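Q: Please walk me through this model with a close look at a single part, the start of the chain. I'd like the overall picture too, just to put that part in context.

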Amino acid sequence: MDLAFGAVVLFAAVVALVVTLAFLKLIVRLILLPLLLIKFVVAAILTVVVGPVLFLVGLILAAVLAAVLVVPLAPFLIVGGLVWLLVRANRRPAVA
């Protein structure tokens with residue numbers, strides 16, 4: 001019987017502690033709400049300013065990466081194109 005009573009008291013103490021901490025957290029958040037709003041406004045402004053810059057940097061990096069991949073493959077593309085032209089030129093036209 002004593003063990004069950006101890007468990008109930010411990011559970012009640014934990015519930016009281018959780019409720020108290022939740023109440024304190026709510027008070028702190030209400031006090032700091034203006035700072036949180038300022039943080040969101042500053043983050044939105046930075047996103048509007050930095051977003052296009054990052055987009056341009058991404059486009060430049062994509063162009064550089066495409067050039068890095070195409071330049072070594074250019075001889076193979078040229079040879080493949082010439083072979084395709086030769087094969088197409090030697091093909092007989094289809095008779096209707």
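**The start of the chain in context**

A: This is a predicted model, and the secondary structure of its protein chain comes to two helices and zero strands. Let's zoom in on D2, which sits in helix α1, the element that covers residues 2-31. Is D2 buried or exposed? D2 has a relative accessible area of 69%, and exposed means over 50%, so D2 counts as exposed. The rest of the chain goes along with that: buried residues make up 0% of its 96 residues. As for the surface, the accessible area of the protein chain is about 8900 Å², and carbon and sulfur atoms account for 85% of that.

Now for where D2 lies relative to a residue much further along. D2 and V87 are 85 residues apart along the chain, and their C-alpha atoms are separated by 95 Å. For scale, the box filled by the C-alpha atoms is roughly 100 × 45 × 35 Å along the principal axes. The radius of gyration tells you about the overall spread: the protein chain has 35 Å, whereas a compact globule of 96 residues would be near 12 Å.

How values were computed:
Residues are numbered from 1 along each chain as its sequence is written. This is a predicted model: local features need pLDDT of at least 70, side-chain atom pairs count only at pLDDT 80 or more; totals for chains, interfaces and linings use all residues. Side-chain values use heavy atoms; hydrogens and water are left out. Helices (H or I, at least four residues) and strands (E, at least two) are DSSP runs, numbered from the N terminus. The radius of gyration is taken over C-alpha atoms; the globule rule is 2.2 Å times the number of residues to the power 0.38. Buried means under 20% relative accessible area, exposed over 50%, partly exposed in between (1.4 Å probe, protein chains only). Accessible areas come from the Shrake-Rupley method with a 1.4 Å probe; for residues, only the protein chains shown count as cover.
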